[in-house]
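Let's walk through a structure together, one question at a time. Have a look at it first.

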Amino acid sequence: AGVVDHYLNPNDYTKKAEGGASKVADTSFGGNAMMEWPKIYTKRWEEGGVYHFRCSDTPQDESWECWSNYDRLNNQIDHFYTPIYFGSNVSSKLRSISGQANMVNQNATTEINYAKANGSDWYTEVLADRLLIQDLLVMMGKSTDCQTVFGSGRSNASSFVNTGTMNSRGMFWGSNNGTDGVKVFGMEHLWGNMLRRIAGWLNVNGTQKVKLTRGTHDGSTATDYNTDGNGYISVSGATFSGSYGGYISSMKTEAYGRIPVTASGSSSTFEADGLWYTNANITYAFVGGTLADDLQCGPFCANMSNGPSHSDSYRSTALSCKPLATA
């Protein structure tokens, strides 16, 4: 219900922080294994061709925003939650639980319904959180080539791995062997293994459309996320171009983060991650890359080539939670 039951030992998720066994693998337990984030205000801008990102726990002026820290009623919240694990289907409910098979072969509507089965404050992963994590990783790693800095992820493997394989890997861990996976901010496989479908980002016949908050605080007119982009914010000058499946070579800077535009780069330049797209219909964002995408995986990797009805065994989604603000 959006209330913390217990905290996990950061070096062994099977244990509670204060000792004893955790519920991280208990499917009968009503909760999910999530990462708790504080209020993070950001300011982003581009000047002279240089992208600037600042973050703080307090706003420096009225232009700073905490996009991830809004509930569905447009109120600021002290904490928001992202998934430790990729989503699993447990009795038609999307869960973040260790030791489970990844949920696959579901369309976006079913994924959303399964996420909301946890409660009204739950949804699939959302764009605002992904944009924040991208910028934090670049700031910490001092590079946009995050596979080199943090690990390649499970990006060159022959089979998927279930959830919980990195329970004892700490908060940040990675290798460059393409099979072990990567862990950042306590979340396993944030890129690689499987594509993750995220809400709030669509390409509608060549116009990228975004929604940063579930309510309308972001200036959108849609009162919730949707699968067609109606009421979303149109991103001007951001029609996809370049090679299908190429590497990102240019991004559009907005106050809420950077959106990929052109795929004419390489595995060691610019954002160094892959971009797949079509401008011919409505597509719903997948991010991160799969076990077969090799150096195209990464936090910036985006697949904008499939509609919300698409499903297969290489992609699905994971949870997010933004509890209502307390009175």
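Q: In the hairpin of S4 and S5, which residue takes a positive phi?
A: This is a predicted model, where local features need pLDDT of at least 70, side-chain atom pairs count only at pLDDT 80 or more, and totals for chains, interfaces and linings use all residues. Residues are numbered from 1 along each chain as its sequence is written, and side-chain values use heavy atoms, with hydrogens and water left out. The hairpin has two residues between its strands, and the one with a positive phi near 60° is glycine 48.

Q: How many bridges pair strand S4 with strand S5?
A: Strands here are DSSP runs of E, at least two residues long, numbered from the N terminus. Two of them pair if DSSP finds at least two bridges between them. S4 (residues 41–47) and S5 (residues 50–56) run antiparallel, and lysine 43 stands opposite arginine 54 in S5. The bridge count is seven.

Q: How many disulfides are there?
A: A disulfide is a pair of cysteine sulfur atoms within 2.5 Å. For cysteine 146, the nearest cysteine sulfur is that of cysteine 301, 12 Å away. Cysteine 301 has its closest cysteine sulfur in cysteine 297, but 5.8 Å is too far for a bond. So the count is zero.

Q: Is cysteine 146 buried or exposed?
A: Buried means under 20% relative accessible area, exposed over 50%, and partly exposed in between (1.4 Å probe, protein chains only). Cysteine 146 has a relative accessible area of 0%, so cysteine 146 is buried.

Key. Helix = DSSP H or I, 4+ residues; strand = E, 2+ residues; numbered from the N terminus.
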